[in-house]
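Grab a pencil and work through these exercises with the structure open beside you. Try each task before you read its solution.

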Amino acid sequence: MELEKLIELDKKHFIHPTSSIQQQQANGPKAIIKKGEGIYLTDKNDNVYIDAMSSLWNVNVGHGREELVEAAAEQMKKLAFSSTFSTFSNEPAILLAEKISSIAPKGLNAVFFTSGGSESNDTAIKLARHYWRIQDKPEKRKIIGLNRAYHGVAAASTSATGIPEFWSMAGKMMVDIYHADNPYGNGTVKAIQSLRSVIESEGPETVAAFIAEPIQGAGGVLIPPKDYFQEVRNLCDDYGILFIADEVITGFGRTGKWFGIENYGVTPDVISFAKGVSSGYIQLGGVIVSDQIHDVLKDKSSGTLFHGYTYSGHPTAAAVGLKNIEILEEEELVENSRAMGEVMLEGFNKLKEDLDIVGDVRAIGLLGAVELVEDPALNKRFSRDLQVAPKVIEALHQRGVICRAVTYEDTDIICFSPPLIINKKQIETMTEKLHDAIKEVRNGLSATLK
Ligand code: PMP
């Protein structure tokens, strides 16, 4: 269909997720993407972009993989869908549960499937409450998350999210969810003090679980200090609280390990996952639980587990997930993520030499960020009115790079999460374009800055 017509229909009929309706109505869609190949996306005007965010942190194996198309088609020809309720099962779902258990941290070996990250976190939170309830501790139902966390937009995951804008639409959705300070700018000691104080003021006997992303993504790629999660684990053990790691972004190789929490040498009780498990080729997510939790579920559950999505254990989604993990393994993409992450970080560090508004830069595997500040020595943030990060995103878009800014709490953070297949040359091109984009915005600010 013609571009003009598509734009008109988009404005008339399509309500976009996490978007400004005013902006859509004024300008139409930002771009209409028609094709993906490798790390590149092409729009209806034939502009080609580096997909520096793997779309939504999820297209880990890159775009246009025939193998995944074939895996879906083959499965759909045999059995596109059948339910796994009431203990019905199917082969791809069984094999994927086994495969995920084999790559998950030791001691986590049972999987509940969902269609995405929000459903996974709602499941993890409901399971945590259920786990205590069936052990005759129904009072253990409070959940603690972190400020700046993002866990999704379903009922429990909206509430667990620590970015208040996400509560603005319909309220906090679920009661008994609390937030502690994250380690960003606070360090481990203060962040742990904050968590301890929330646990103690609420009463540990009423707390079911603590939930956190190993690296906060939507919060701005905030990488906790090395010792943070060890302290979290100790605190959770001391108080008998389950630790849920939200690996929706950090799972499946993103950080140079299969799961992000492995960078911290601790084992959570529950892992929620989505995105990278299928590289976005099909909707898929789930939670992996520890043997301890699985044993309690097996021993103490009576009757039906009243939780399940129509698409839990979807055979086609599972077949794609299996093939996706096979690609990650065969092409050694977890290792590539680690190696290329170092190249990306080197590139970020070089920006600092030439550009006086580049503050902290960081990366862990192919998950990275560049912070822009008015004065790096003082870590002084720009005034919100200047819209520095959104301008850089726009300048990058003009140069053929799609990525994403986080401006929450007056930060100007440019996030990067390219496909794990990216090579050295492509990273260099990406960081050169970033250099030029920041420089252009910096020059535009000269009149404003002293
Ligand atoms: N958790 C994290 C850490 C996420 O980044 C996201 C999505 N960006 C979600 C949960 C929610 O996942 P979904 O959008 O698939 O529901």
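**Exercise 1: Two helices that meet at α11**

Helices α5 and α11 lie oblique to each other, which follows from the angle between their axes. Keep in mind that you're looking at a predicted model.

Task: Find the angle and distance that go with this oblique pair, then say which residues meet.

Solution:
- Step 1. The axes of α5 (residues 91-103) and α11 cross at roughly 40° and come within 8 Å.
- Step 2. Angles under 35 degrees would count as roughly parallel and 65 to 115 as roughly perpendicular, so α5 and α11 come out as oblique.
- Step 3. As for handedness, α5 and α11 make a left-handed crossing.
- Step 4. On the α5 side, look for P92, A93, L95, L96 and K99; they meet P315, A318, A319, G321, L322 and I325 of α11.
- Step 5. Sort the residues of this contact by class and you get nine nonpolar, one polar and one charged.

**Exercise 2: Another partner for α11**

Task: How are α4 and α11 oriented to each other, roughly parallel or roughly antiparallel?

Solution:
- Step 1. Start with the geometry: α4 (residues 66-79) and α11 (residues 315-330) have axes that cross at roughly 150° and come within 8 Å.
- Step 2. Angles over 145 degrees count as roughly antiparallel, and therefore that is the label for α4 and α11.
- Step 3. The crossing of α4 with α11 is right-handed.
- Step 4. From α4, the contact uses E67, L68, A71, A72, Q75, M76 and L79, while α11 brings P315, T316, A319, V320, K323, N324 and I327.
- Step 5. The class count for α4 with α11 is nine nonpolar, three polar and two charged residues.

**Exercise 3: A pair further along the chain**

Task: Which term describes how α13 lies to α14, and which residues make the contact?

Solution:
- Step 1. α13 (residues 388-398) packs with α14 (residues 424-445) at about 130°, and the axes are 9 Å apart.
- Step 2. That angle makes α13 oblique to α14.
- Step 3. α13 passes α14 in a right-handed crossing.
- Step 4. V388, K391, V392, A395 and L396 of α13 pair up against K433, L434, A437, I438, E440 and V441 of α14.
- Step 5. Here the contact splits into eight nonpolar, no polar and three charged residues.

**Exercise 4: Where two domains touch**

Task: Which element gives the largest share of the side of domain 1 that touches domain 2?

Solution:
- Step 1. Mark the domains: the assignment gives domain 1 as 31-61 + 332-445 and domain 2 as 66-330.
- Step 2. Their centres, taken over C-alpha atoms, are separated by 27 Å.
- Step 3. Domain 1 puts 25 residues into the contact and domain 2 puts in 26 residues.
- Step 4. On the domain 1 side, the elements giving two or more residues are α3 (54-57), α12 (333-354), β11 (358-364), β12 (367-372) and β15 (413-416).
- Step 5. The largest share, five residues, belongs to α12.
- Step 6. By class, this side of domain 1 has 14 nonpolar, nine polar and two charged residues.

**Exercise 5: Around the ligand**

Task: How many residues surround the ligand, and which are the closest?

Solution:
- Step 1. Count the shell: 15 residues surround the ligand.
- Step 2. The closest are G116, G117, S118, G152 and V248.
- Step 3. Helix α6 (residues 117-133) supplies the largest share of the shell, three residues.
- Step 4. Finish with the classes: six nonpolar, seven polar and two charged residues make up the shell around the ligand.

Terms used: Residues numbered from 1 in each chain as written. Predicted model: local features only at pLDDT ≥ 70, side-chain atom pairs only at ≥ 80, totals over all residues. Axes fitted to C-alpha atoms, helices over the stretch in contact; angles between N-to-C directions. Helix = DSSP H or I, 4+ residues; strand = E, 2+ residues; numbered from the N terminus. Left-handed = near helix turned anticlockwise from the far one by under 90°. Contact = placed C-beta atoms within 7 Å. Nonpolar A, V, L, I, M, F, W, Y, C, P; charged D, E, K, R; others polar. Near = placed C-beta within 6 Å. Domains from an automatic or database assignment.
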